[in-house]
Every structure is written in structure tokens, then in C-alpha cells.
Amino acid sequence: MRPLIRTARCWLLRARVRAMATLPMASPAAAIPSSATRPVASPSSRSHRPLTRFFSVAPAPVGAKGLRAAASAVEVGGVKIAREDVVKEDDPTNNVPDTIFAKIGLQLHRRENHPLGILKNTIYDYFDKNFTGQFDKFDDLCPLVSVKQNFDDVLVPSDHVSRSYNDTYYVDDQTVLRCHTSAHQAELLRDGRTHFLVTGDVYRRDSIDSTHYPVFHQVLLFCRTHLNFLNEVCFGNL
């Protein structure tokens, strides 16, 4: 039976090829109707494309960097950050795309029912119960920091690879999106803080794969006694 089935299938295929060969060839112009003459799909034809009810077919606006436009401004810790404050298309030192600007202000770690928010609150609760009143907590500090805060204040060598434009998002030659929550520790120490926790989103120019993403979150734990103690913990990705 199998040879007969294969023979029948081959015969049908040859018949279809012969039938197609006898059809008149359409000109290229006629093959692709223009927008003025393209027929409008009827309701019955739309039934074959149910997803069009949920997705817009109109392309999103594209900026000069070839990326979809993000919101015009976001607010972090009561400070409004405009797109032009972060994405500077005319500044050759700027390498922040709209896709990264769109992440600023999401602040998933501040959403109580989000996994990151639940984890952050669990960490905070632990220190509240075991070190009552000792630790100041910060979770809404602005992610725009100076090069000095991000690198010099935490003793990153001037020739360290993390300072390169391939590794860090530069807003301009003196401002970056923080690579770590440690960027705030020197300022907090100068303010007289000796025990604190800093939670926030951090930004690094990583290629996306199973273990890397350009935006993730960290908790910085700092405790200063007779010996300085510092620990920084990464606890989740966007």
C-alpha cells in the first residue's frame, strides 16, 4: 500500500505543477496592489487573522537612533526626568537609547505586589526585626549620577574597562546611568549615615542572554562600625 500511496501523491503534485504552469504570468505592478487600489478586507477574511484585533498594524514612531519613541518624561523620587535629559541625540558622548530611558521610572522594586518589591520588603523586614532602628532605607534615589559618584568615589581605576562606552550608559561625558547602587554610598556617608540599605535599578550595557540584561536591581548594604563593612547584593532582573 505504501508505494501506491506515494505514487498517488507524486501524480497529484505533478498535476498541480502543470496546472500552475498554464496560468498567465502577472506583471510585477499588478502582483502588488498599491495603497490606493488595495482591496479592503471583508469581515469574513478578518476571521482568518484574529490577532489583528489586539495588535495595531501602524508602525510606532521611530527616533533618530532608529528606536521606538519612549514616554516624554518619567518621575523618580519626586524628580521629573525628561527624555531629552537622558537621550541626547546631538551629543556624541551619549549612548542611551529610548529602550533604556523607558525603563527609568518603572521602579518595579517599589511595587509591593511585584516579586522584586516582595523581595525588597522581605530584606527590609529582616533588618527591621534584627537591627531595629539602625538602618536607613532608600529606594527612590535618582539613577542619574556623576562619573565621580559612579567610579571615582568607589575607587574604580581610571583605566578600568567598566568606564568604557561599551560597558556603561553615558548621558554625557560627566553623567552616567548608575552601574551599581554603590554610586550613592559616598554621598550618604558624607551626610553622616553609618548604616543604610539602598535599593534601585542599575544599568549596564550587557548583551541580553540567559544570565544578562542591561537593566537589573541591586540592594546595597552598608554598615560602619569600628571596621567598615560593605556588601552589595544583586537580587533580580527587569
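Strand 1 (73-76) has two faces. Val 74 and Val 76 make up the covered one, while Ala 73 and Glu 75 make up the uncovered one. This is a predicted model. Strand 1 runs antiparallel to strand 2 (residues 79-82), and four bridges join them. One of the pairings sets Glu 75 against Lys 80 in strand 2. The two strands form a hairpin with two residues between them. Gly 77 sits in that turn and has a positive phi of about 60°.

**Nonpolar cores**

The largest nonpolar core holds 14 residues. Which of them touch the most other members? They are Val 86, Val 96 and Ile 104. Strand 1 and helix 5 (98-101) are the elements that give two or more residues to this core. A second core lies apart from the largest one. This other core has eight residues, among them Val 145, Val 156, Cys 179 and Ala 183. In soluble globular proteins, nonpolar side chains tend to be buried together.

Val 86 deserves a look of its own. Leaving out residues up to four places away in sequence, Val 86 touches Ile 81, Asn 94, Val 96, Phe 101, Ile 104, Leu 144 and Val 171. Two of the residues on that list, Val 96 and Ile 104, are named with Val 86 as touching the most other core members.

**Salt bridges**

The whole structure contains 11 salt bridges. Three of them are set out here.

| Salt bridge | N to O distance | Citation |
|---|---|---|
| Lys 88 and Asp 172 | 3.3 Å | |
| Asp 128 and Lys 137 | 2.9 Å | |
| Arg 193 and Asp 136 | 3.2 Å | |

Take Lys 88 and Asp 172, whose side chains meet in a salt bridge. Lys 88 lies in the loop between helix 4 (83-86) and helix 5, and Asp 172 lies in strand 5 (residues 170-172), so this pair ties together parts that are 84 residues apart in sequence. Are the two partners buried or exposed? Lys 88 is partly exposed, with a relative accessible area of 26%. Asp 172 counts as buried because its relative accessibility is 15%, and the cut-off for buried is under 20%.

Asp 128 and Lys 137 form another salt bridge. Asp 128 is partly exposed at 31% relative accessibility. Lys 137 is also partly exposed, at 34%.

The salt bridge of Arg 193 and Asp 136 also spans the sequence. Arg 193 belongs to the loop between helix 8 (185-190) and strand 7 (195-203), and Asp 136 to strand 3 (residues 136-138), so the pair ties together parts 57 residues apart in sequence. Arg 193 is partly exposed at 31% relative accessibility. Asp 136 is partly exposed at 29%. Elsewhere, Arg 83, Glu 89 and Asp 98 are joined into one network by salt bridges that share partners.

**Helix 7 and helix 8**

Gln 149 is found in helix 7 (residues 147-150). Glu 187 is found in helix 8. What joins their side chains? A polar contact of 3.2 Å does. Gln 149 is buried, with a relative accessible area of 17%. Glu 187 is partly exposed, at 36%.

Setting aside neighbours within four places in sequence, Gln 149 is in contact with Ala 183 and Glu 187. Ala 183 is also one of the residues of the eight-residue core. Glu 187 has a further relation to Asp 153. The two are 34 residues apart along the chain, and their C-alpha atoms are separated by 8.9 Å.

**Aromatic pairs**

The structure holds six aromatic pairs. Why does the pair of Tyr 165 and Tyr 170 count as stacked? Their ring planes lie at 20° to each other, with the centres 4.2 Å apart, so the pair is stacked; the cut-off for stacked is planes under 30 degrees apart. Tyr 165 is partly exposed at 34% relative accessibility. Tyr 170 is buried at 6%.

There is also an aromatic cluster. Its members are Tyr 126, Phe 127, Phe 131 and Phe 135.

Note on methods. Residues are numbered from 1 along each chain as its sequence is written. This is a predicted model: local features need pLDDT of at least 70, side-chain atom pairs count only at pLDDT 80 or more; totals for chains, interfaces and linings use all residues. Side-chain values use heavy atoms; hydrogens and water are left out. A nonpolar core is a set of buried Ala, Val, Leu, Ile, Met, Phe, Trp, Tyr and Cys residues joined through side-chain atoms within 4.5 Å. Buried means under 20% relative accessible area, exposed over 50%, partly exposed in between (1.4 Å probe, protein chains only). Contact means heavy atoms within 4.5 Å. A salt bridge is a side-chain nitrogen of Lys or Arg within 4 Å of a carboxyl oxygen of Asp or Glu. Two strands pair if DSSP finds at least two bridges between them. A polar contact is a pair of N or O atoms within 3.5 Å; within protein, one must be able to donate a hydrogen and the other to accept it, and residues adjacent in sequence count only if both atoms are side-chain atoms. Rings of Phe, Tyr and Trp (its six-membered ring) pair if their centres lie within 6.5 Å; planes under 30 degrees apart count as stacked, over 60 as edge-to-face and the rest as tilted.
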